Amino acid sequence: MEKPSTTTLADTNDLISIASKKELVLHENYMFIYHSQLEEIQSVVKKGEIGEVRLYRITFGFPQRAANDFRYNKTLGGGALLDAGGYCLKYANWLLGGDAHVISAQANYLEGFEVDMYGSAIMADSDGHIAQLAFGMDNDYRCDIEIWGSNGTITSGRILTAPAGFVPTYSIKKNQDIEIRQLSADDTFFKSIQRFVACMENASVRIEEYNLLKKQEELVEEFKYLCK
């Protein structure tokens, strides 16, 4: 399914119920989550090269598109949260270990548009680790992760949109010393298909995918609730 798979938690729960009874796969195609660069960056963090993590910051936004773009149509599930924000929520939850929650949220609107055009949020895990998120559809293009540690900072662009064959890089800054390092190229579309096949072949993987789908929509619902 294209992301987002639904626009409400109730619809997601209905889909999961139907799929579970019929032993069918539900796979939401957030391809970026399969890119090897995510694990490679995390390995640097886990080795302690930047010390203890103080903050994750994820930004994803792009300029306005044509006025008739579906992203600006509320009845079609448009809006920055569902389009760009979903990426940030999913990546932050992955970074924070899978049990994170949205604790602060802001959706912003522009005159002439019926949907949210940009927004921001704070997510936290049970140990108090924090991720700041910012996203939008009326923004200078950014697709970045910043991991600020006690002894250094990692920054990388194209973290959510690296195409097949693209060689990403990251910078590691320790006070005023900056080093640029390469990451591995990857093919996230192919790996997403592999995950889909694994869901078909293995019931436990299929159930895991149901749970990931539900968690993603729960985070979206938490964001929307905090914006009321």
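## Helices and cysteines in a predicted model

Helix H4 crosses helix H5 with a left-handed sense. This is a predicted model, so take what follows as a reading of computed coordinates.

Staying with that pair, H4 covers residues 188-201 and H5 covers residues 203-226. The two pack at about 120°, and their axes lie 5 Å apart. That angle makes H4 oblique to H5.

H5 also carries tyrosine 210. Is tyrosine 210 buried or exposed? Its relative accessibility is 7%, so tyrosine 210 counts as buried. Have a look at valine 25 while you're there: its C-alpha is 8.2 Å from that of tyrosine 210, although the two residues sit 185 residues apart along the chain.

Now for H3, which runs over residues 80-95 and has 16 residues. From first C-alpha to last, H3 reaches 21 Å, close to the 22 Å expected at 1.5 Å a residue. Even so, H3 has a kink of about 45°, and glycine 86 is at its centre. How many of the residues of H3 are buried? The count is 15 of the 16, so H3 is largely enclosed by the rest of the structure.

H2, at residues 36-46, has its own set of buried residues: Ser36, Gln37, Leu38, Ile41, Gln42, Val44 and Val45.

Both H2 and H3 are followed by a glycine with a positive phi. Here they are together:

| Helix | Glycine after the helix | Phi |
|---|---|---|
| H2 | glycine 48 | about 85° |
| H3 | glycine 97 | near 95° |

On to the cysteines. How many disulfides does the structure hold? The number is 0. Cysteine 88 is in no disulfide, and the nearest cysteine sulfur, in cysteine 143, is 8.3 Å away. A pair would need its sulfur atoms within 2.5 Å to count as a disulfide. Cysteine 88 is also buried, because its relative accessible area is 0%.

Why is cysteine 227 without a bond to the closest cysteine sulfur? The closest one belongs to cysteine 88, and at 14 Å from the sulfur of cysteine 227 it is too far for a bond. In terms of surface, cysteine 227 has 31% relative accessibility, so it counts as partly exposed, whereas cysteine 88 is buried.

Note on methods:
Residues numbered from 1 in each chain as written. Predicted model: local features only at pLDDT ≥ 70, side-chain atom pairs only at ≥ 80, totals over all residues. Heavy atoms only, no water. Helix = DSSP H or I, 4+ residues; strand = E, 2+ residues; numbered from the N terminus. Expected span 1.5 Å × (residues − 1). Bend = angle between axes of the 7 residues up to and from the residue. Buried < 20%, exposed > 50% of the residue type's maximum accessible area, 1.4 Å probe, protein only. Axes fitted to C-alpha atoms, helices over the stretch in contact; angles between N-to-C directions. Parallel < 35°, antiparallel > 145°, perpendicular 65-115°, else oblique. Left-handed = near helix turned anticlockwise from the far one by under 90°.
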